[in-house]
Every structure is written in C-alpha cells, then in structure tokens.
Amino acid sequence: MSKWREGRDSMGDDESQKQKNKKRKQVFPYGNYKSYYGYRIGQDLDEDPRLKVLRKEWFEDKECLDIGCNNGIITIQIAQKFGCRSILGIDIDSDRVKDAYWNLKKNVRLKTTGNKPVKAPKLQDKEQADDSGNSVTTLSNVDTKEISQEHPSSELVDLFKVVSFKQENFVQSWHPPGKQFDTILCLSVTKWIHLNWGDDGLITLFAEIWKLLRPGGIFVLEPQPWKSYESNRNVSETTAANYHNILIRPAEFQEILLDKIGFRTVEDITSGLTGSKTGFNRPILVFRK
Ligand SMILES: C[S@@+](CC[C@H](N)C(=O)[O-])C[C@H]1O[C@@H](n2cnc3c(N)ncnc32)[C@H](O)[C@@H]1O
C-alpha cells in the first residue's frame, strides 16, 4: 500500500472514529430520540402493536392531540387507520417536528396515485358544499388496502388537512382556554416529563390534559415503569437531581388521575397488547373525563 493510501486510510479512520464518538455522545434528555421507531418497532412488524389495541371510536371524526409525537409516525398512522377529523402532534424538539413533517410528506407522496378526485370524505363533503373546489388525494398501495377496509374510498381524506405538528414544551406552555380536544394521547412521555420537571411537571401535565379535554373526552396514557427511570436518570444534571426528589411513582398515576385530577373512569387495555419489543411492555390506560 502506498504512503498516500496509508495516510488517507488512517485519516478516514480518524474521521469515522470522530463520527462514532459524536454519535455515542449524542444525548436525548427528553426521550427525543432520532430513530425511536427503528428500535421500538423493529423491521418485522407491519404496524406498531399499540395501534391494535386502540379503538376506532376514540378517534374517528374526532379532534385529537398527541403529546410527545417524536417523528410523527404513530400520529400519522392513527390519523390514517382511524380517520381522525384532525390530529395535532406536539414535541419539545423542533428537529423531531421537522422529521414529523418530512414523514407526513413522504406518506402522502407514497399514497398518492395521482390527482384524480375521489368522491367525498366527510371533510370533503363539507368543502364541496362550501364550493371550495379542493381536489381529493387518492391513496394507494398496501396501507391503503388496510385503510380502505376500514374507511371506504369515499372516506379517504387529504392527510395534510388532518395531520399537523407543532414544537411545544407541553408543561411550560400556556394553552388558550378556547381550544379543546376529544382525545389526547400521551405515549411513553411521562418518564421524560417527570425526570425533567419533577412531580410538579407531572401534575401540570395531567391537569393541563384534563383542561384541554372536552367532557366525555378520552385520555390514552402509556406510562413508563419506575424501574426504567433509573437507566435515564443521568441524561442531564437536571434529571439526576429530579430523580432523587421524585415522590410520585407511576403505579400511583391511575389513582391521581381519578381521585385528584377528576377523570371519571379508567380502562386498562394492556392485555390486548402483543408483539411489543422487550423493554417496551408498558401498560396502556384509557381515562374518560
Ligand atoms: C420516547 S418518545 C415517545 C414518542 C411517541 N409518543 C411514542 O410513544 O411512540 C418521547 C417524546 O416526548 C417528547 N417530549 C418530552 N418532553 C416533552 C414536553 N415537555 N413537551 C413535548 N414533548 C415532549 C420527546 O421529545 C420525545 O419525542
């Protein structure tokens, strides 16, 4: 091997080592992982196992909020599978919100067979009545088969009108009193809020969710267990300090939501979950306001 070649190779090694170190050092203090679904769902599954236990009636034609949406994949899938009227995904990390919009565009592109107008999803019917003249996006391919089974083609809607994303720190934002939702999801987010903003942050999260729900509204909660806090407690000085001061345990969330926050009922839908990857066997609780 020539000297030049040796030199170039070793420079390459240095560079790739630097890249590896950079990757290794990347921390995600809010659970704002870049490739979350890569390791949560795996390649072998056709859909997130959680989608199988969620019920259509909680989402169909409903206004929904997904707190901590990460790259938006589950938000988009919920919109498609259950036919939300609208779903807003919010995340503290603006990069994840960009990823979410990227995924939304990719999804629409994949599913668009052309711009042949399809007759009348519910939303579209309204628009046609308003004479807006908007055309409808047609969906195709494998996923469409699934959607079509649940929503006849007459109900396919333009995803861009249904799904949106926003950067927001949910526990520190002011939510204007007017806006309310029918269904709110908070999946695998409580640990991050609890570690970053302590017991106060957690109670703020629950109280805000209750305020933002309409009477009869649904709150879908997937809390991480206490033992999993330990592996993430040192992601920042803040989380390390909060970890020691946290008094509330995830096992108490249900009681707090019912007795202190004011939810009327709870249903544990965990038993229907199958195929979750190791480390992601978490309960899913559904509360009604
Ligand atoms: C582990 S991921 C869960 C993603 C998704 N909900 C799911 O279960 O598939 C947690 C997400 O919550 C977001 N997050 C953490 N704290 C937040 C806050 N205070 N406000 C909004 N999003 C937050 C993180 O950025 C991250 O994307």
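In the predicted model, helices α9 and α11 pack at an angle of about 45 degrees, and their axes lie 8 Å apart. Angles from 65 to 115 degrees would count as roughly perpendicular and angles under 35 degrees as roughly parallel; α9 and α11 are therefore oblique to each other. Their crossing is left-handed. On the α9 side the contact is made by Leu195, Asn196 and Gly198, which meet Thr238, Thr239, Asn242, Tyr243 and Asn245 of α11. By class, this contact has 2 nonpolar residues, 6 polar residues and no charged ones.

Just before α11 comes the loop that joins α10 (227-232) to α11 (237-245), and Val235 lies in this loop. Val235 has 18 C-beta neighbours inside 10 Å. A residue needs 20 or more such neighbours to be buried and 12 or fewer to be exposed, so Val235 counts as partly exposed. Leaving aside residues up to four places away in sequence, Val235 touches Val27 and Pro29. Val235 and Pro29 are 206 residues apart in sequence, yet their C-alpha atoms are 5.4 Å apart in space.

This pair can be set beside the contacts of the whole protein. Of the contacts with a separation of 6 or more, 74% are between residues 24 or more positions apart. The protein has 289 residues, of which 34% are buried, and it contains 12 helices and 7 strands.

A second pair of helices was examined in the same way. The axes of α4 and α5 (residues 94-111) come within 9 Å and cross at roughly 40 degrees. This angle is not under 35 degrees, the limit for roughly parallel, and α4 and α5 are therefore oblique to each other. The crossing of α4 and α5 is right-handed, whereas that of α9 and α11 is left-handed. Ile73, Thr75 and Ile76 in α4 meet Ala100, Asn103, Leu104 and Asn107 in α5. The residues of this contact divide into 4 nonpolar, 3 polar and no charged.

Helix α4 spans residues 73-82 and is mostly covered, with 9 of its 10 residues buried. The buried residues of α4 include the three that meet α5, namely Ile73, Thr75 and Ile76. Also buried in α4 are Ile74, Ile78, Ala79, Gln80, Lys81 and Phe82. After α4 comes Gly83, whose phi is positive, near 70 degrees.

Ile74 of α4 is also one of the residues touched by Leu187, together with Arg50 and Glu222, when residues up to four places away in sequence are not counted. Leu187 is found in strand β4, which covers residues 181-187. With 22 C-beta neighbours inside 10 Å, Leu187 reaches the cut-off of 20 and therefore counts as buried. Leu187 and Pro223 are separated by 36 residues in sequence, and their C-alpha atoms are 6.8 Å apart.

Leu187 also belongs to the surroundings of the ligand. The ligand is surrounded by 22 residues, and the closest are Gly31, Asn32, Gly68, Asn70 and Leu187. Two elements give two or more residues to this shell, β2 (86-91) and α9 (190-212). Helix α9 thus takes part both in the shell around the ligand and in the contact with α11. By class, the shell around the ligand has 13 nonpolar, 6 polar and 3 charged residues.

Methods:
Residues are numbered from 1 along each chain as its sequence is written. This is a predicted model: local features need pLDDT of at least 70, side-chain atom pairs count only at pLDDT 80 or more; totals for chains, interfaces and linings use all residues. A residue is near a molecule or strand if its C-beta atom, placed from the backbone, lies within 6 Å of it. Helices (H or I, at least four residues) and strands (E, at least two) are DSSP runs, numbered from the N terminus. Ala, Val, Leu, Ile, Met, Phe, Trp, Tyr, Cys and Pro count as nonpolar, Asp, Glu, Lys and Arg as charged, and the others, Gly among them, as polar. Two residues are in contact if their C-beta atoms, placed from the backbone, lie within 7 Å. Axes are lines fitted to C-alpha atoms, for helices over the stretch in contact, and angles run from 0 to 180 degrees between N-to-C directions. Angles under 35 degrees count as roughly parallel, over 145 as roughly antiparallel, 65 to 115 as roughly perpendicular and the rest as oblique. A crossing is left-handed if the near helix is turned anticlockwise from the far one by less than a right angle, and right-handed if clockwise.
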